[in-house]
Amino acid sequence: MTIELRNVSRWYGNVVAVNDITMSIGPGVTGLLGPNGAGKSTIMHMIAGFLPPSRGELTITGPGGTGEAAPSWRNPAVYRRVGLVPERDSVYAFLTGEQFVTATARLHELPDPAAAAARAIATLDMADAADRKIATYSKGMRQRIKVAAALVHDPEILLLDEPFNGMDPRQRLHMMELLDKLGSEGRTIVFSSHILEEVERLSGTIQVVVAGRLAASGDFRAIRRLMTSRPHVFTVRSSDDRLLGGILIGRPAVRAVELTRNGLQVRTSDYGAFCRDIAVLARDHSIRLREVLPADESLESVFAYLVAS
Amino acid sequence: MSGLFNPTVAWITVRATLSRKRALLFALPAAILILFTVALKASRAPMRPWPSHVLGTFGFSVLLPLTALIIGTSVLGAEIDDGSIVHLLATPVRRSSVVVTKFLVATGLTMLFAAVPELIAALIAGGGTAPPTAPAGTTGSPGTFAGPVAISGSKLAIGLFVGALACCVIYNAVFLMLSVATTRAIAVGLLYVLVWEVLLANFVSGVRLLSVSHYGLGIANGFASDSALQAGLTVLTSVIMGAIVTAAALALAVNLLSSFTLKGEPA
Amino acid sequence: MPEPALSASATGVIHDLGYRGYDGPRQGRAQIVRALTWHSFRSAFGIGRGVKGKIIPALAFIAMCLPALVNAFAVARGNQRLFGYDVYVPNLRAAVVIVFIAAQAPELVSRDLRSRVLPLYFCRPLRRSDYPLAKYLAMTGALLILIEVPLLILYVGTIASAKGGSAIWHETRALIPGLGVGLMYAALFAAIGLVLASLTGRRAYSTGIVAIACILTFFVALLLIQAEGGQSATATGARIAGLFSPFTIIDGVRVWLGGSAQTGFVADPGRYGPLYGVLAVALLAACLGGLAARYRKVSQS
């Protein structure tokens, strides 16, 4: 099943949370990445049918091309195929884990709720805690029982809003393995996160959202390569800028050198090589380095670079 | 989904409503009503028309709306407030089914905690008939029971019970709708009960057409034919308006729930 | 941007460039309490919260002022003043006060509990007892606005059509006790509303608790009075029936201090008058003590 967004925008009064996003999410694991406040949650809620787009179209297409595309807003039938793990830590705390998942199975009108619930609980490794009240669970366990409830009806699309929040590294690993397995079964898994390293191990596509706009999409590794091969800018001040500049321009890693009042602005395409080079060069030519500053190391500038390109 | 009543939703709602200390909150008025009745009956108070005051004023105009308010706003409002409604809504269950099921649960619980104690208290009070004495200082007392009770106590009790049942239904529909429409449903409901119903309905007769307690009184009057009830509306008007208000409130609740949105960050 | 550390060894250096201490003059405890009181006072009316938060306070205020406005028109037509200053319209006032504190006391205290900001408050130079003090002053002030402003409107509306200085003086003399009764209401109900609302962080529950406590006690007391013979009765039962609810307690104090027994809720307390006074003060002290005790121990959750 595919999730299609066409020119989707969402605004609240004057604030534009999502700005003209067009993307298509197909089977496999897709990560929605971006800094906090980028609009990831808004997009997730719109896909989940809990927020209408202010403009544009958002549809979920039927399995294997049986395809009428239907919007998820005001369409409870879509939940037969979609499972949602909301971000907010709110579950029926007075029920036991097993009661909660079984009740969810009944709400989905499954033919054998108890068996489906047991299966889902076993998949999430919660079988021994299932008979305790959810109020006694730790945060990671609550997250897992929410995922179990979302999986109980065997959905083709699984939406997880910041699923790794509050999980320790081991739980994170398990969750990633699970998502990977589900994705390779042909399901469409969408999860949101703001930590790049978290999704490193997950194969699949990522959609990078920055300030409401789609900054990058595609294979994670390709994007990473794009990011590391972008030109870096350094500001260098030394005891003899002109001399240093002349030497640097001869190096293969350096793309451009500009002599300004505040020192040298050096553009380089190879961060690591430049860092190694400049120290050696300065020492060999008896130039004293006063300041070597990378000019754009923040995540935002990385994303901004992606947006600009 | 076959039918409007969903047993799973009902089970979750009952568990959620009764599992907290909140359950004490709405058992309290009922307990006080019965204790009060017993105490008054035992003490053989000098002034007689107290059944109509206790059962009518207290039971009908205060106990019933308050209990319906607490219960009606919490069956759906509490889940919306803490966000657990999402787990319910992220299933193919029809929104109308959710609303109707919770409405039925709320009505049932309110009948149990308000209408039944009202009946019990009425039966305890028994034939508390009084010589028609002129009521004193009734401008100071809210509620509409001002006249002497000159009919048999059990007829009054049955009439009040039926009226109370009707009020349970209508109040819960309205308060359920309020709890979807706003997060301050209890405060708005309080405003409605205290200012609109108790105060204005005594001053402005047109207001009665939009006052749930008067629908109940009209229906009670239809059974008990008691002039002391001072029901401003006929039975027919009460039933029709009550049905309209109930249906409209539930329909509005379903529509609002279907458009339930999750904002980016919880408020 | 951080300056690079140029040392070749593996030691680290933290450059304290961010937080800077402040050694200048600081404003004292009074200013803290004043600031918190002002902020809470504004929240009691929903100021600073958006439109929705202002609806209920606005409606309550308008409802309270309506009779005063009606009176102004009536007096202009030549009628007598319609309502007493000390009782105003008793039922309306009781209803509006209940709605206001049930809706707004949670805004003052339950919100802070729910969003767990109390540890943030108390790790500042704000004393444990100053927080409830500020909240209480704010709520009392809000209730004073709600209760006294309509009385003042009543007063102005009446003297605007008054004929002659003695009529104005007569009105003024009647107004003063009325303001005093209003002050009693404000002081007591602010305390009751806040202490009940501080029991829980969920606003809906707090509203429910305050509402049920006030309404139930009120009606129980009223019914007792009725059952014991109404407002003109003189039996002991009728005299002390008013002790069961804060509204009737204050009304009892009012009658004890010289008000008329026919216009309010209670029967004439007669020689039980001082009991009403003592109970009013005791109730206030208990509520304030409870409120202070509530914040003595604040957990993080």
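A residue is counted here as buried if 20 or more other C-beta atoms lie within 10 Å of its own, C-beta atoms being placed from the backbone. In the predicted model described below, this criterion applies to every residue of strand E8 of chain A, which spans residues 188-193 and has six of its six residues buried. A:Thr188, A:Val190 and A:Ser192 point one way from E8(A), whereas A:Ile189, A:Phe191 and A:Ser193 point the other way, and all are buried. In a regular strand the side chains alternate between the two faces of the sheet.

The pairing of E8(A) was examined next. Strand E3, residues 28-33 of chain A, pairs with E8(A) in the parallel sense over six bridges, and within this pairing A:Gly28 stands opposite A:Thr188. Strand E7, residues 157-160 of chain A, also pairs with E8(A) in the parallel sense, in this case over four bridges, and A:Ile157 has A:Thr188 as its bridge partner. A:Thr188 is thus the partner of A:Gly28 in E3(A) and of A:Ile157 in E7(A). The connection from E7(A) to E8(A) involves helix H5, residues 169-184 of chain A, and the three elements together make a right-handed β-α-β unit.

Chain B, by contrast in its make-up, contains nine helices and zero strands, and its pattern along the sequence is accordingly read as α-α-α-α-α-α-α-α-α. Of the 267 residues in chain B, 57% are buried. Among the contacts in this chain with a separation of 6 or more, 82% are between residues 24 or more positions apart.

Helix H8 of chain B, formed by residues 212-224, has 13 residues and reaches 18 Å from its first C-alpha to its last, which is close to the 18 Å expected at 1.5 Å a residue. H8(B) is mostly covered, with 11 of its 13 residues buried; the buried positions include the run from B:Val212 through B:Ser213, B:His214, B:Tyr215, B:Gly216, B:Leu217, B:Gly218, B:Ile219 and B:Ala220 to B:Asn221, together with B:Ala224.

A further buried position in chain B is found in helix H3, residues 50-82, where B:Asp81 lies. B:Asp81 is classed as buried because 21 other C-beta atoms lie within 10 Å, the cut-off being 20 or more. When residues up to four places away in sequence are not counted, B:Asp81 touches B:Thr183 and also C:Ala204. The C-alpha atom of B:Asp81 is separated by 37 Å from that of B:Leu233, a residue 152 residues apart from B:Asp81 along the chain.

Conventions. Residues are numbered from 1 along each chain as its sequence is written. Chains are lettered from A and ligands numbered from 1 in the order in which they are written. This is a predicted model: local features need pLDDT of at least 70, side-chain atom pairs count only at pLDDT 80 or more; totals for chains, interfaces and linings use all residues. Helices (H or I, at least four residues) and strands (E, at least two) are DSSP runs, numbered from the N terminus. The expected span of a helix is 1.5 Å times one less than its number of residues. A residue is buried if 20 or more other C-beta atoms lie within 10 Å of its own, exposed if 12 or fewer, and partly exposed in between; C-beta atoms are placed from the backbone. Two strands pair if DSSP finds at least two bridges between them. A crossover is right-handed if, with the strands pointing away from the viewer, the path from the first strand over the helix to the second runs clockwise. Two residues are in contact if their C-beta atoms, placed from the backbone, lie within 7 Å.
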